Amino acid sequence: MKIGILCEGGLQSEDQQVLRALAQRIVPGAQVEIHPQGNKPELIANCGSATQALLDSGCCRVLIVWDVQPRWGRPDGAQQDSQDIRQELAQHGLADHPCVFLIPIKAELEAWLLADGSALSQVLSRPAHPVRVNNTSNVESQTNPKKRLENIFQRHGKPYVPTTHAAQIVASLRPNFGVLGKVPSFRQFGAALTANC
């Protein structure tokens, strides 16, 4: 099975690393192709042609994943972003494609990384200095998850390095994904990867 994911960021960015690792855990054995599109305006502008290219290359489904924040001067909310993405998809006849899924992450991808305190604790702990980080409740209502994540790392004497630590946090999640498994946008991501289409 070949799955395509469009996201923000650049090649080898934390978005690409996190989404690939999570998708491969949810659908073991799947070939996951991640195509970062730059910032959100670029993702929206390119999503139609990029989705078509992934489907043409043999992907059985395509997920378009983006951060609702920042707004880039646009009206507020996932609904507006979704409408704009569907308009771009419509230009390629894909607006109602049953195997194209839109996954808005409330706030930012870092909200997923913040959710499970035990995964963060594992990444931050050292043999001589165990660390305990609490779960973040209502993680999708955090206004700046990336800043909060940076602050947690700083409090425990480490600078947060996204391309290193994001993958470590995902690798430290329990098999059932712990608290992350209850986050609505993550559940939507999992459902899109496994739904019949």
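**View 1. The buried face of helix α8.** In α8, the residues tucked away as buried are S185, F186, F189, G190, A192 and L193. Those residues span an arc of only 160° around the axis, so they sit on the same side of α8. Turn to the other side of α8 and you meet P184 and R187, which are exposed. Keep in mind, in this view and the ones below, that you are looking at a predicted model.

**View 2. What α8 leans on.** Helix α8 covers residues 184–194 and lies across three strands, β1, β3 and β4. Its direction makes an angle of about 165° with β4. The packing partners of the buried α8 residues are β1, β3 and β4, plus the helices α1 (14–26) and α4.

**View 3. The neighbours of F189.** Let's zoom in on one of the buried residues of α8, F189. Leaving aside residues up to four places away in sequence, F189 touches I5, L19, L22, A23, I26, L63, V65, I103 and W112.

**View 4. The largest nonpolar core.** Which residues touch the most other members of this core? They are I5, L19, L22, L63, W112, L180 and F189, out of 44 residues in the core. The element that gives the most to it is helix α4 (residues 110–115), with 5 residues. Another core, made of 18 residues, lies apart from this one; L43, L55, V68 and L94 are among its members.

**View 5. The open sheet.** Here are 4 strands, paired in parallel and arranged in the order β2-β1-β3-β4. Why do β2 (31–36) and β4 (100–105) each have one side without a neighbour in the sheet? They stand at the edges and have just a single partner strand each, so one side is left free of sheet neighbours. From one strand to the next, the twist averages 20°.

**View 6. β1 beside β3.** Now for one pair from that sheet: β1 (residues 2–7) and β3 (residues 61–67) run parallel and are joined over 4 bridges. Look for I5, whose bridge partner in β3 is L63. Both I5 and L63 also appear among the contacts of F189.

**View 7. A90 in helix α3.** Is A90 buried, partly exposed or exposed? A90 belongs to helix α3, which takes in residues 78–90. Its relative accessibility is 43%, and because partly exposed covers the range between 20% and 50%, A90 counts as partly exposed. To find H156 from here, move 66 residues along the chain; the C-alpha atoms of A90 and H156 are separated by 48 Å.

Notes:
Residues are numbered from 1 along each chain as its sequence is written. This is a predicted model: local features need pLDDT of at least 70, side-chain atom pairs count only at pLDDT 80 or more; totals for chains, interfaces and linings use all residues. Side-chain values use heavy atoms; hydrogens and water are left out. A nonpolar core is a set of buried Ala, Val, Leu, Ile, Met, Phe, Trp, Tyr and Cys residues joined through side-chain atoms within 4.5 Å. Buried means under 20% relative accessible area, exposed over 50%, partly exposed in between (1.4 Å probe, protein chains only). Helices (H or I, at least four residues) and strands (E, at least two) are DSSP runs, numbered from the N terminus. Contact means heavy atoms within 4.5 Å. Two strands pair if DSSP finds at least two bridges between them. Axes are lines fitted to C-alpha atoms, for helices over the stretch in contact, and angles run from 0 to 180 degrees between N-to-C directions. The arc is that of the directions from the helix axis to the C-beta atoms.
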